[in-house]
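Student: I would like to learn how to read the surroundings of a ligand and the burial of a helix. Can we work through one example?

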Amino acid sequence: MNSLSPPSGATLPQPSTSSTRGLHVITWGCQMNVYDSERMSDVLRPLGYRTVGTPDDADMIILNTCHIRDRAAEKVFSELGRLRKVKEARAERGEGTVLAVAGCVAQAEGKEILSRAPYVDIVLGPQTYHRLPEMVARAARAAGAVIETDFPVEQKFDFLPADRMAPAGGAAFLTIQEGCDKFCSFCVVPYTRGAESSRPAQAVIAEARRLAAAGVREITLLGQNVNAYHGEGPDGRTWGLARLARVLADEVGIARIRYTTSHPRDMEDDLIAAHRDLPQLMPFLHLPVQSGSDRVLAAMNRGHTADEYRALVARLRDARPDLALSSDFIVGHPGETDADFAETMRLIDDVGFAQAYSFKYSPRPGTPAAGAGGHVPEDVKDARLQELQAVLRVQQDAFNDAAIGLTAPVLFTGRGRKPGQLSGKSPWLQAVNVDGPDSLIGRIANVDIRHRYTNSLGGVLTEETDRA
Ligand code: SAH
Ligand code: SF4
Ligand code: F3S
């Protein structure tokens, strides 16, 4: 990292603290990738890189990829084909471009990327982002590409810069836990993100303090299994998510706290109690269930039954009656019968979701389900998905209709699509649009909710001052 000046004649742009260079990051996948993309920008900022809106102006392009479903790798190669043209056009103008592929496809298929797309300069897995400056320097020096997809012993978080660009709009993601040891039959995450690990509470608190000082009102704590968080506390003991959330609320003064994604198996008593006791913990919970059939849940290795999920929801709603629930569903897991699918529909009916994501099962290379028998035909998956999404749509609309007439505190995160309009989030994570001044961006104000649109609510401001 010390010798950042490359030999003369190198074709790639050289990092420099004196001049500004363009950086364009393309982010696919989950919120953890969004967080990672921000942190990669942070780690490159001391080298002079500043974010630009288009790859054409970028001395460095990072494609941050997701491997979770479908033709993930093909999508990456087709985007790389497009970026290759950008790189070539820039080269014709005498401008070099470092092209990096990051994220879960990079982790899973790094070598394949380098052989099929030799114009890629850097391939880096999610655990190596702190080494990016060094990789940029190496790419500049070396003739060949740089690949970093090992799981290093050091935690990337210990090496990422302390100062973060605070996101505009008052809401920020903060990764507290990474990786997964649960090995659901269908899922690549344990292979792409590695073993489960939690950041020490002190490091999380320090990052939250800096975000709060920069005006952040809402923090969403992130992890593949965020409620399995078990970080080392300042007292030397292991802290769970509930304890951490309490400190962020009471000591750091974060007005709104969310967390995602949770696993039903890790929903412990103290976390449920926190939903009762902590007003700062927002009444919205994404709690993926995947299926309502015990047979399929067992085949998926989810470690709970449908009734256990129902009972958990009942306890959560007892703690926080207005809790909005969201979930993920997979239809057509190998072995799923019509009767199994009917059980999923019954669970949806019983629970009532405020919103949900649903997917057709997609075989992922190397996962147990991909090699299992009983694959469900595509047209059956299609039909099941349609049926399931139709019911979820009705539930979502009903949930949003129920907000009409309420006065709700909204955190305004930016401008709306129409001129003079602000866009924000209700406590239940609904998108809310109102007419209002830009000075409210990043602030919380009360809104009378009056309309429900397809995926958002409309209303009027009842006050123009920050509530908290
Ligand atoms: N850790 C979270 C899920 C992370 S992946 C959990 O356990 O709930 C996000 C979602 O993608 C999953 O909840 C699942 O619904 C979906 N998903 C993952 N692998 C998939 C696959 N092979 N096919 C279809 N959907 C998948
Ligand atoms: Fe994937 Fe299951 Fe881990 Fe979620 S809990 S990340 S679905 S293996
Ligand atoms: Fe995708 Fe990796 Fe997130 S596979 S969903 S980017 S953990």
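Student: Which residues surround ligand 3?

Tutor: This is a predicted model. To list a shell, take every residue with a heavy atom within 4 Å of the ligand. For ligand 3 that gives Cys30, Asn33, Thr65, Cys66, His67, Ile68, Cys104, Arg193 and Gln224.

Student: How do the residues of that shell divide into nonpolar, polar and charged?

Tutor: Cys counts as nonpolar in this scheme. The shell around ligand 3 has 4 nonpolar, 4 polar and 1 charged.

Student: What are the residues around ligand 2?

Tutor: Three cysteines are easy to pick out by name: Cys180, Cys184 and Cys187 are among them. The shell also includes Lys182, Phe183, Phe186, Val189 and Pro190, along with Asn225, His263 and Arg302. By class, the residues around ligand 2 divide into 7 nonpolar, 2 polar and 2 charged.

Student: How many residues surround ligand 1, and which are the closest?

Tutor: Ligand 1 has 16 residues around it, and the closest are Arg69, Gln224, Gln290, Asp328 and Ser362. Its shell comprises 6 nonpolar, 5 polar and 5 charged residues. Two strands, β15 (324–331) and β16 (355–360), each contribute at least two residues to that shell.

Student: Which side chain has an N or O atom 2.6 Å from an oxygen atom of ligand 1?

Tutor: For polar contacts, look for pairs of N or O atoms within 3.5 Å. The side chain in question belongs to Asp328. Arg302 places a polar side-chain atom 3.0 Å from an oxygen atom of the ligand. At Ser362 the partner is a polar backbone atom, 2.8 Å from a nitrogen atom of ligand 1. As for cover, the protein takes up 90% of the 550 Å² of accessible area that ligand 1 has on its own.

Student: Now the helix. Why is α7 described as largely enclosed by the rest of the structure?

Tutor: Count the residues with under 20% relative accessible area. Helix α7 spans residues 241–250, and 7 of its 10 residues are buried, so the helix is largely enclosed by the rest of the structure. The buried ones are Leu241, Ala242, Leu244, Ala245, Val247, Leu248 and Ala249.

Student: What covers the buried residues of α7?

Tutor: The cover includes two helices, α6 (201–213) and α8 (269–277). It also includes the strands β10 (218–222), β12 (238–239) and β13 (256–260).

Student: Which residues does the UniProt annotation "domain: MTTase N-terminal" cover?

Tutor: According to the unreviewed UniProt entry, that annotation covers residues 21–141. In the model this span is 49% helix and 20% strand, and its end C-alpha atoms lie 18 Å apart.

Terms used
Residues are numbered from 1 along each chain as its sequence is written. Chains are lettered from A and ligands numbered from 1 in the order in which they are written. This is a predicted model: local features need pLDDT of at least 70, side-chain atom pairs count only at pLDDT 80 or more; totals for chains, interfaces and linings use all residues. Side-chain values use heavy atoms; hydrogens and water are left out. A polar contact is a pair of N or O atoms within 3.5 Å; within protein, one must be able to donate a hydrogen and the other to accept it, and residues adjacent in sequence count only if both atoms are side-chain atoms. Accessible areas come from the Shrake-Rupley method with a 1.4 Å probe; for residues, only the protein chains shown count as cover. Helices (H or I, at least four residues) and strands (E, at least two) are DSSP runs, numbered from the N terminus. Buried means under 20% relative accessible area, exposed over 50%, partly exposed in between (1.4 Å probe, protein chains only). Contact means heavy atoms within 4.5 Å. UniProt positions are given in the numbering used here, feature names are shortened, and annotations may be inferred rather than shown by experiment.
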